[in-house]
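Thanks for opening this one with me. Below are a few numbered points to read alongside the structure, going from the whole chain to single residues.

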Amino acid sequence: MKTKNLPIRAILLSTSLFLYLLFVIALSVFSCVFFARSTTNKSNELIDATAKQITYNYENYINSILNTASVIQSEINEEKSFEELSASFDSLLELKSELLAIELYDSEKNLLCKDSRTESVFPSDSDQWFTSAYEDQTIHYFEPMINNDANVYNILFSKALTNGKSRKKIVLKMAIDFKEIIDLNYKTDLGESGHITVIDDQYNVVYSSAQNAAEDIVFLQDLILGQDHVHTRGHAFTLNVDTIGNSAWRIAIFYNTDDVKQAIERFLIVVIIFSAGMLAAGVAAALFITRKITVPIKRLENTMAKIDREMTPVPIKDGIAIKEVTNLSFAYNKMISQIRDLMEQVVQEQKNQRKSELKALQHQINPHFLYNTLDSIVYMINDDRKQDAQKMVIALAKLFRISISRGNNIIPVQDELEHVRNYLIIQSMRYKDSFSYEIEAAPECMQYKVMKLILQPIVENCIYHGLKNKIDPGFIRITAKIEGENLVFKIADNGYGMKEETIKLLYERFNNPDLSDGVGLKNVYQRLRIYYGERAFLHIESEIDCGTEITISIPVEVNRNE
């Protein structure tokens, strides 16, 4: 992959601008996040304080009603007559402006007594106020009353009391003016469309300062208690839901947060404008500073740009010159001279080392194979198989003639196949034709050359580790063909095969000098890598009781000599 060389000014400029941009972005983001969180936290603190105060007002109002009920219970406990109770009711109405009417009922819902200020029994659409209070003395029942006047809002309150010494239940019923607590709500600034909604445990709206309170029920069904952010009536609200003590009511306070959102957006615009100004100033400063740094270096670059692709020294002229540039030129010329010497030395050393490694690996194979073959010939002579021994000696002579190849390590493909064929002749005679073999080579392979002795060690492994002592007849197949830009040899047998763990261990031995497999696959692999490099590979495939196939792939090179 080609990479484009960047001038030093571009690198310095891009790096400084990148770092400066990161700084400006980080500062801007931090400022926006800090301002948004600070503003939101302050807003939430104000909302919490407002919600607590409103809830506190409602609870005080409810407690005042309950205190009134307690006072009436105390007077009933004093065994006062109904006339005396009625007079007490009148006093309570004068004392507490929120009280509108007071009545007492027996267990049959018959009126026992009432205050003298109200002309008639105040209405109620149902008997829920009576049954709920009578059945459970612990319940404080509240019910909104129907009013024709939009400016009047009353609440019906009922509670079961005990009728003196008789301990019979009676029901207290009071009408309460809710306007006082509502007036407090209007004095609380909740923002545009901000409002308060009170619901009972059946999600019925007890009171709401909004015109259409039904829209709030959806939010109150999702949020039982706590705080959430909702969007309704075209505005963003912080919704705070809490219970009202000593009642079955919940109060929902919708606090308009549009102002907070707009303040954050205005601050964001200011930060963006400020950041843009900082970036413009940073770019101008970076351009000025990098120019001051890179101009002297650019002059040296222009001088050295005249150098050819060859390592030609920089011409140094007499006369006035920049001291740093002159010193760099002298150092550069000295470096070129040393590099030339080192390159020549390294190339020669690599050639010598490569030849030594190839010869060393080659010498591992020849003695090993010669020992095994001579051992077989001796065995045949002792067994009075002189003609077979003679045939084996002739095959051995042909084999070694090809193996020597006048000292060349690279031989034609045809000679390499002939070499392994002679080896198979020798081994088949030694093992009394206990295996057969087949060699197939595509005609186009014969024009190429290959490193010698890469097939024979692998065939030897096939015989000794795959077919030796095999009950059924063994078979070895060798093929050579061209695949793309590679010359591919495949050596397959129908021997015992190998496990995956064994194959993995062989691969590990290839590149580990501390592990050895004797003289065989590792030797071939190392010689292939020394000569052909990464372009050559040796691959092993095997299956237990089915056999093994080894593939050697080397790059195609026509008439390549050592």
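1. Let's begin with the overall make-up. The protein has 12 helices and 17 strands. Please keep in mind throughout that this is a predicted model. Of the 562 residues, 39% are buried. The accessible surface comes to about 32,800 Å², and carbon and sulfur atoms account for 54% of that surface. Among contacts with a separation of 6 or more, 63% are between residues 24 or more positions apart.

2. Next, have a look at helix α1, which covers residues 8-77. Which residues make the nonpolar surface patch of about 290 Å²? They are Leu21, Ile25, Val29 and Val33. Val33 has its place in α1. Is Val33 buried or partly exposed? With a relative accessible area of 35%, Val33 counts as partly exposed, because buried means under 20% and exposed means over 50%. A general point helps when you view the patch: an α-helix has 3.6 residues a turn, so residues three or four places apart point the same way.

3. Strand β4 (residues 154-163) is a good place to look at the covered part of the protein, as nine of its 10 residues are buried. Its partner is strand β5 (residues 168-177): the two run antiparallel and are joined by 10 bridges. If you would like one pair to find by eye, Asn163 has Lys168 in β5 as its bridge partner.

4. While you are in β4, please stop at Ser158, which lies in this strand. How much of Ser158 is accessible? The relative accessible area is 0%, so Ser158 is buried. Its side chain reaches the backbone oxygen of Trp129 at 2.7 Å. Leaving aside residues up to four places away in sequence, Ser158 touches Trp129, Ala133, Ile139, His140, Tyr141, Val171, Leu172 and Lys173.

5. Now for two loop residues that share a backbone feature. As background, most residues other than glycine have a negative phi. Arg233 is not a glycine, yet its phi is positive, about 55°. You will find Arg233 in the loop between β8 (226-232) and β9 (235-243), and at 26% relative accessibility Arg233 is partly exposed. Asp545 is not a glycine either, and its phi is positive at about 65°. The loop that holds Asp545 lies between β16 (537-543) and β17 (547-555). Is Asp545 buried or exposed? Asp545 is exposed, since its relative accessible area of 62% lies over the 50% limit.

6. Strand β14 (residues 474-483) is worth following because DSSP bridges pair it with two strands, β12 and β15. With strand β12 (residues 435-441), β14 runs parallel, and seven bridges join the two. Within that pairing, Ser436 is matched with Phe475 in β14. With strand β15 (residues 486-493), β14 pairs in the antiparallel sense over eight bridges. Here Arg477 stands opposite Ala492 in β15. The hairpin of β14 and β15 has two residues between the strands, and Gly484 takes a positive phi near 65° there.

7. Helix α10 (residues 456-467) is mostly covered, with 10 of its 12 residues buried. Among the buried residues are Gln456, Pro457, Ile458, Glu460, Asn461 and Cys462. What follows α10? The helix is followed by Asn469, which has a positive phi near 65°.

8. Finally, let's turn to Asn523, which lies in helix α12 (residues 521-532). At a relative accessible area of 3%, Asn523 counts as buried, because the limit for buried is under 20%. The Asn523 side chain makes a polar contact of 2.8 Å with the side chain of Arg527. How far apart are Asn523 and Ile458 in sequence and in space? They are 65 residues apart in sequence, while their C-alpha atoms are 9.8 Å apart. Ile458 is one of the buried residues of α10, which links this point to the previous one.

Definitions and conventions
Residues are numbered from 1 along each chain as its sequence is written. This is a predicted model: local features need pLDDT of at least 70, side-chain atom pairs count only at pLDDT 80 or more; totals for chains, interfaces and linings use all residues. Side-chain values use heavy atoms; hydrogens and water are left out. Patches are made of residues with over 30% relative accessible area and no salt bridge: like charges are joined within 9 Å, nonpolar side chains (Val, Leu, Ile, Met, Phe, Trp, Tyr) within 5 Å. Accessible areas come from the Shrake-Rupley method with a 1.4 Å probe; for residues, only the protein chains shown count as cover. A salt bridge is a side-chain nitrogen of Lys or Arg within 4 Å of a carboxyl oxygen of Asp or Glu. Helices (H or I, at least four residues) and strands (E, at least two) are DSSP runs, numbered from the N terminus. Buried means under 20% relative accessible area, exposed over 50%, partly exposed in between (1.4 Å probe, protein chains only). A polar contact is a pair of N or O atoms within 3.5 Å; within protein, one must be able to donate a hydrogen and the other to accept it, and residues adjacent in sequence count only if both atoms are side-chain atoms. Contact means heavy atoms within 4.5 Å.
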